[in-house]
Amino acid sequence: MPRTTTVESSGCPPIRALTFDVLGLIKVVEARVDNRLAKMVDRWGEPDSSRCILAASLNDRKSNPLLAIARKCCAIEILNPLNGNVFAEIADAANDGQKPEDDPVVGLHLFKNGGTDGSCTVLTCTTKGNACMRSFTVSNSLKDSTSDCSTISWKVFGAGNILCSKVDTSETHAVFGGKGVEVNIWDLQKCTKIWTAKSPPKNSLGIFTPSWFTSATFLCEDDHRKVVAGTNCHQVRLYDASAQRRPVISIDFRETAIKAVSEDLDGYTIYAGNSSGDLASFDIRTGKMLGSFMGQCSGSIRSIDRHPNFPVIASCGIDSYLRIWDIKSRQLLSAVYLKQSLNSVLFDSNFSGEGWFIYICVLCHATILIWDNQKAQLFSFT
């Protein structure tokens, strides 16, 4: 069984997090109101390294939430994030017929503005820059879900490898970057590139550092022109498309590559994790580090997610731990060992942590019906 590391804290707020690992498993971690210690409560899928989950995106709306995942075998799946049921599964058509291992999916976004009729739109981007935006109809059963004809494909970059991508809050713009690929912003409504960054000048020794971006995110919700990117040369950079093409601010953080960056709700705080397991927060307005999070991770950090309601962040990586942190004190609230190396973590913002929502109906033959709102399941007892 996965073990939980006990730490000296008052416990986690009621949270629910979904983790995605290298063996293709989705694991659900919860901390409830009556038990503030985070623990694994569910696991979906069977271990298979060929179905490793490379990227995930969650549309956690209150009604009919959806979860999209991209696997190593180039399959894109749409699931119910409450119980893990698969609604739809499609092959990634943007890889130009190449083998999945030669052109894996590195970027995935499930649009939140899907229709009430069950339609949804997914944006994918592969390592070689093949982007595809496809729409399909989601049904309650896998066999009834169909892919629509509205598929738009384009080439993000002609050379280099895409390593990171992110869609802004308004879902009208996306940022891409990678090894040999400068940070560039695209208008998703027109499928056109509107801005490309410029490499920093040579240093005092005349050495030019080639472009190698490992992670990227938009700084704030209401401005798609400000982008924060992490690099392989242990820098966190702020780009402002309205000001200049070169970085406005560059922050050196430790000595190893930045592997994950995430923005805060305040619009100026950035969380960054590197390949040595260091995690810190920065005020991007001044370029100063606010502090390091207490509790050394023993492996590379691959994903950071900020909870939309509570002042906590979650981090995960190759040491197989999901860690929950308090962003004010930067103290570790809980750490859950999940056995496999983790690639990504996402918070479910609609989780209440109150357990069962019970509706009792006594029929003529004394049947009691109980509805679990978190898992969307009905149980009957006679």
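Rings of Phe, Tyr and Trp (its six-membered ring) count as a pair if their centres lie within 6.5 Å. With that in hand, look for Trp195, Phe213 and Tyr239, which form one aromatic cluster. Keep in mind as you go that this is a predicted model.

There's more to find among the rings: the structure holds 7 aromatic pairs. One of them joins Phe253 and Phe282, whose rings meet edge-to-face, with 5.3 Å from centre to centre and 85 degrees between the planes. Where do the two partners sit along the chain? Phe253 is in the loop between strand E20 (249–252) and strand E21 (258–263), while Phe282 belongs to strand E23 (residues 279–283), so this pair ties together parts that are 29 residues apart in sequence. Are Phe253 and Phe282 buried or exposed? Both are buried.

Rings also have charged company here. Lys179 lies over the face of Trp212, at 4.3 Å from the ring centre. Over at Tyr268, the ring has the charged end of Arg285 sitting above it, 3.6 Å from its centre.

Now let's turn to the nonpolar cores. The largest one has 17 residues, and the members that touch the most others are Cys12, Leu322, Ile324 and Phe347. Which strands build it? At least two residues each come from strand E2 (15–21), strand E3 (26–31), strand E26 (312–317), strand E27 (321–326), strand E28 (332–337) and strand E29 (342–347). Zoom in on Cys12 and, leaving aside residues up to four places away in sequence, you'll see it touching Ala31, Arg36, Ala38, Ile324, Leu333 and Ser334. Elsewhere there is a second, separate core of 16 residues, with Ala55, Ala70, Cys120 and Phe136 among them.

Some of those strands turn up again in a sheet. Strands of a sheet pair through backbone hydrogen bonds, either parallel or antiparallel. In this case we have an open sheet of 4 strands, running in the order E4-E3-E2-E29 with antiparallel pairing. Which strands are at the edges? They are strand E4 (39–44) and E29, each of which pairs on one side only. Going from one strand to the next, the twist averages 25 degrees.

To finish, follow E2 across to its neighbour E29: the two pair in the antiparallel sense over 5 bridges. Here you can spot Leu18 standing opposite Leu346 in E29. And E2 and E29 are both among the strands that supply at least two residues to the largest core, so to speak a good place to begin your own tour.

Methods: Residues numbered from 1 in each chain as written. Predicted model: local features only at pLDDT ≥ 70, side-chain atom pairs only at ≥ 80, totals over all residues. Heavy atoms only, no water. Core = buried A, V, L, I, M, F, W, Y, C linked by side-chain atoms within 4.5 Å. Buried < 20%, exposed > 50% of the residue type's maximum accessible area, 1.4 Å probe, protein only. Contact = heavy atoms within 4.5 Å. Phe/Tyr/Trp six-rings, centres within 6.5 Å; stacked < 30°, edge-to-face > 60°. Lys NZ or Arg CZ within 6 Å of the ring centre and 35° of its normal. Pairing = 2+ DSSP bridges. Axes fitted to C-alpha atoms, helices over the stretch in contact; angles between N-to-C directions.
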